[in-house]
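Open the structure in your viewer and keep the selection tool at hand. We will go from stop to stop.

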Amino acid sequence: MSKKCSRRNFIKKSIAGAVAAGLPLSAFKLLAPGEARAALKESNLRWAFLVDTRKCVGCGFCVKACKKENEVPYDVPVTRTWVERYVVTRDGRTHIDSPMGGRDGFTYKRIREEEIPDSEITKAFFVPKLCNQCQNPACVQVCPVGATYQTTDGVVLVDRTWCIGCGYCIMACPYGVRFFHPVHKVAEKCTFCYHRITKGLKTACVDACPFGARRIGNIKDENDPVTKTILTERVAVLKDEYGTKPHVFYLGLDERVR
Amino acid sequence: MKNHILRPLWVAILLVSAILIARGLYVPDDFGVNGRNFTYGFHRKGNIEDWKAFPVKYRGRDYCKECHEDNYSSVSDSAHAVIQCENCHGPALGHPDNPEALEIDRSRGLCLRCHADLPYPGSQRGDLPAINPDEHNPDTPCADCHNPHNPEQEG
């Protein structure tokens with residue numbers, strides 16, 4: 001080396017190094033194809049769900065329809081969607097149950113072997129749950145093989161041919177919506193009935209609901225009746241503090257619902 | 001270079017190339033970053049089409065109407081108009097070819113989904129007409145007295 005390490009040389013090289021390190025990164029950012037595509041043409045559709053807990057009567061037709069539509073074994077206690085019953089009593093306790101995910105509805109007042117007299121109940125309601133199709137899905141982040149992913153219209157799907165069944169996603173989901181499919185032996189989850197919504201149909205659970213407690217729409221279309229409700233009414237999401245940006249919105253959600 | 005260095009080097013190079021060739025053969029061409037970014041969009045693109053091709057089983061009441069116009073209209077005029085035919089009659093996929101007849105759920109449990117008495121304040125459930133299943137003719141099928149297509153009328 002002929003040049004010695006003078007101050008001038010050191011500063012020159014530092015600047016050159018910083019520019020060299022910074023330039024290719026920013027150039028790469030501009031060229032990322034997925035981001036460019038998503039931002040340009042496929043951004044006019046983003047599925048979102050609206051649950052009105054005040055309308056739900058706990059009939060469980062949604063759970064039955066979901067299991068049959070999506071070929072989830074009927075008598076195995078796993079389900080893509082379920083209905084929870086919350087009964088709050090005068091002593092401040094909250095009684096929660098969801099027998100078989102509410103598949104056969106709620107036909108008895110008894111909750112977990114406990115008889116609760118009507119006079120003790122201060123409020124009681126049903127809360128349907130399903131995949132929140134998060135904008136930042138934790139389950140997708142943890143997949144080590146790229147078997148689960150988010151489509152450009154916001155639905156999180158599982159590639160059954162690619163899933164290795166490690167179960168990381170089942171652990172990662174804060175909402176507990178994922179489970180192990182007993183037949184396919186891979187991770188399973190609600191797909192918002194992707195095969196139906198992409199054909200212009202509603203999801204099986206939305207169609208099965210007699211009371212309109214479940215609705216699905218495109219949150220990027222301001223004229224969509226579901227989007228209008230989400231924009232104008234007071235809606236809540238589950239576990240907002242996790243930063244997952246869930247896209248299942250609830251009307252009439254109680255603070256006891258987790 | 002000395003032999004004892006070269007030989008393990010060749011083994012290492014062979015192993016790495018074998019892994020790379022196996023990977024090239026095994027990983028489908030459409031596997032890569034297809035969505036938003038690497039974190040959320042790293043997958044096999046063809047899987048989206050696989051999911052779209054999943055068979056639709058529930059066809060909706062308009063499909064039933066094509067043949068069962070009489071039942072469709074009687075239900076439509078009743079308090080049960082909000083209930084889809086397939087909620088009780090089962091999904092219509094393949095009907096009427098195979099299966100010819102659908103499996104109808106005539107159990108008391110089906111009616112009790114809505115009509116078992118749960119007078120819950122703050123839920124619409126309390127507003128529905130309801131009975132106590134243990135006291136209201138416990139061993140009789142509901143349809144013996146009530147017409148599910150027109151619940152106001154005694155069947």
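The tour visits the core, then the contact between the chains. Keep in mind that this is a predicted model.

**Stop 1: the main core.** Select A:Phe49 and A:Phe192. They have the most contacts inside the largest nonpolar core, which has 45 residues. Now colour the elements that each supply at least two of its residues. In chain A these are strands E1 (47–52), E2 (82–89), E4 (121–129) and E11 (248–251), with helices H3 (61–69), H6 (194–197) and H7 (204–208). Chain B adds its helix H3 (46–52). E4(A) gives the largest share, five residues.

**Stop 2: around A:Phe192.** Centre on A:Phe192 and show its neighbours. Among the residues it touches, leaving aside those up to four places away in sequence, are A:Trp47, A:Phe49, A:Leu130, A:Val155, A:Ile197 and A:Val248.

**Stop 3: a second core.** Select A:Val158, A:Cys163, B:Val27 and B:Tyr40. They belong to another core, of 14 residues, apart from the main one.

**Stop 4: between the chains.** Show both chains as surfaces. Here 64 residues of chain A are in contact with 46 residues of chain B. The buried area is about 4,800 Å², and carbon and sulfur atoms give 57% of it. Select A:Phe61, A:Tyr149 and A:Trp162: in chain A, they lose the most area to chain B, together 13% of what that side buries.

**Stop 5: polar links.** Select B:Arg113 and A:Asp104. Their side chains meet in a salt bridge, 3.8 Å from N to O. The interface has four salt bridges. Between the chains, 29 residue pairs are in polar contact. Finish on E4(A), which gives six residues, the largest share of the side of chain A that touches chain B.

Notes: Residues are numbered from 1 along each chain as its sequence is written. Chains are lettered from A and ligands numbered from 1 in the order in which they are written. This is a predicted model: local features need pLDDT of at least 70, side-chain atom pairs count only at pLDDT 80 or more; totals for chains, interfaces and linings use all residues. Side-chain values use heavy atoms; hydrogens and water are left out. A nonpolar core is a set of buried Ala, Val, Leu, Ile, Met, Phe, Trp, Tyr and Cys residues joined through side-chain atoms within 4.5 Å. Buried means under 20% relative accessible area, exposed over 50%, partly exposed in between (1.4 Å probe, protein chains only). Helices (H or I, at least four residues) and strands (E, at least two) are DSSP runs, numbered from the N terminus. Contact means heavy atoms within 4.5 Å. Buried area is the accessible area (1.4 Å probe) that two parts lose on being put together, summed over both. A polar contact is a pair of N or O atoms within 3.5 Å; within protein, one must be able to donate a hydrogen and the other to accept it, and residues adjacent in sequence count only if both atoms are side-chain atoms.
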